[in-house]
Amino acid sequence: MKNVKHATEKSATARHNIPPVFDGRSTVLILGSFPSVASREEGFFYAHPQNRFWKVLSALFSTPLPRTTEEKKTLLLTHGVALFDVIARCEISGSADSSVKDAVPNDLTPILSAAPSLGFSYTGKRGKNYI
């Protein structure tokens, strides 16, 4: 993983650079707000080693902890989980959701068209504020 910056840095415009994970068998869509610096650098969701997202999912589904991006995608799709973030572009300081300003929402139409019977879940309080 590349050098991870901390939330003390200046606010800057950032763009979401990770494509959504979904297919026609997806039954639940987990929505985060915006990728962390580590995730944007890594190019996949929840990349920071201290983030518990993948540990929780692997425990929930009683599967080994996925290590690679492909293993993570397989875990999600095997269990009908779609994954994306609600913000496409914003002003943000580091990875702090609390610093998000001028948020532009992501277009969820491709996911909803492919899997129209999705239930929604959010990874935090702020994500649903941008839909």
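In which sense do strands β2 and β3 pair, and over how many bridges? In this predicted model, strand β2 (residues 28–32) and β3 are joined by five bridges in the parallel sense. One contact of this pairing links Leu 31 to Phe 84, its bridge partner in β3.

The two strands belong to an open sheet of three strands, ordered β3-β2-β6 and paired in parallel. Because β3 (81–85) and β6 (119–122) each have a single partner strand, they stand at the edges, and one side of each is left without a neighbour in the sheet. From one strand to the next, the twist averages 25°. In general, the strands of a sheet pair through backbone hydrogen bonds, in either a parallel or an antiparallel manner.

The side chains add a further kind of contact. Side chains of opposite charge can pair when their charged atoms come close. A search of the whole structure finds two salt bridges, listed below with the distance between the closest N and O atoms.

| Salt bridge | Closest N and O atoms |
|---|---|
| Arg 25 with Asp 23 | 2.7 Å |
| Lys 73 with Glu 70 | 3.8 Å |

In the Arg 25 and Asp 23 salt bridge, Arg 25 is exposed because its relative accessibility of 56% is over 50%. Asp 23, by contrast, is buried, since its value of 18% is under 20%.

The residues Lys 73 and Glu 70 both belong to helix α3 (residues 69–78), where they lie three residues apart, about one turn of the helix. Lys 73 is partly exposed, with a relative accessible area of 29%, whereas Glu 70 counts as exposed at 51% relative accessibility.

Conventions:
Residues are numbered from 1 along each chain as its sequence is written. This is a predicted model: local features need pLDDT of at least 70, side-chain atom pairs count only at pLDDT 80 or more; totals for chains, interfaces and linings use all residues. Side-chain values use heavy atoms; hydrogens and water are left out. Two strands pair if DSSP finds at least two bridges between them. Helices (H or I, at least four residues) and strands (E, at least two) are DSSP runs, numbered from the N terminus. Axes are lines fitted to C-alpha atoms, for helices over the stretch in contact, and angles run from 0 to 180 degrees between N-to-C directions. A salt bridge is a side-chain nitrogen of Lys or Arg within 4 Å of a carboxyl oxygen of Asp or Glu. Buried means under 20% relative accessible area, exposed over 50%, partly exposed in between (1.4 Å probe, protein chains only).
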